[in-house]
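Biologist: Could you take me through one part of this model up close? I'd like to start at the surface and then see what surrounds that part.

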Amino acid sequence: MSDAITEAKKPGFIPPREPLYDWGLAVIAAVDLHNDGSHPNAEDGALLAPKGTPGTIVRIGHAEGTQIPVYLVEFPAGVVVGCLEEEIAPADGRRRGVPGVMD
């Protein structure tokens with residue numbers, strides 16, 4: 001096997017996927033958001049934000065070990081929840097974008 005083929009098969013750096021939503025965007029919870037054990041101020045399984053609760057994206061990061069965007073969303077009473085894209089929706093009702101596709 002040639003060196004070029006061997007090099008092509010080696011895993012390389014995969015950049016993080018661009019998030020669909022921006023910091024500061026007003027969103028709503030698209031589903032009931034329950035504590036998965038990562039929220040220190042609530043019991044496991046506690047309802048943190050019911051479906052339809054308004055919030056604001058206050059930070060965007062990526063899930064550890066993945067390239068998936070995670071949104072920190074502040075809901076009423078200062079409750080901050082880490083959300084995936086399928087768990088939130090823009091509050092203005094606009095449709096969700098598609099990574100790598102321009103509108």
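Modeller: Sure, let's start with a nonpolar surface patch of about 360 Å², made by Trp 23, Val 58, Leu 72 and Val 80. Patch residues have over 30% relative accessible area and no salt bridge, with like charges joined within 9 Å and nonpolar side chains (Val, Leu, Ile, Met, Phe, Trp, Tyr) within 5 Å. A salt bridge here is a side-chain nitrogen of Lys or Arg within 4 Å of a carboxyl oxygen of Asp or Glu. Areas come from the Shrake-Rupley method with a 1.4 Å probe, and for residues only the protein chains shown count as cover.

Keep in mind that this is a predicted model: local features need pLDDT of at least 70, side-chain atom pairs count only at pLDDT 80 or more, and totals for chains, interfaces and linings use all residues. Residues are numbered from 1 along each chain as its sequence is written, and side-chain values use heavy atoms, with hydrogens and water left out.

Now zoom in on Val 80, which sits in strand β6 (residues 79-83). Strands are DSSP runs of E, at least two residues, and helices are runs of H or I, at least four, numbered from the N terminus. Val 80 has 33% relative accessibility, so it counts as partly exposed; buried means under 20%, exposed over 50%, and partly exposed in between (1.4 Å probe, protein chains only). Leu 48 is 32 residues from Val 80 in sequence, yet their C-alpha atoms are 8.8 Å apart in space.

Strand β6 also matters for the largest pocket, giving the most to its lining with four residues. That pocket has a volume of about 330 Å³. A pocket is an open set of points on a 1 Å grid over the protein atoms alone, where a 1.4 Å probe fits, with protein on both sides within 12 Å along at least five of seven lines; lining residues have an atom within 4 Å of a point. Points are joined across faces, edges and corners, and the volume is the space filled by probe spheres set on them. Of the 18 lining residues, Asp 36, Ser 38, Val 81, Gly 82 and Cys 83 are the closest to the pocket's centre. The elements giving two or more residues to this lining are β2 (33-34), β5 and β6.

As for the whole chain, there are one helix and seven strands, running α-β-β-β-β-β-β-β from the N terminus. Of its 103 residues, 21% count as buried.
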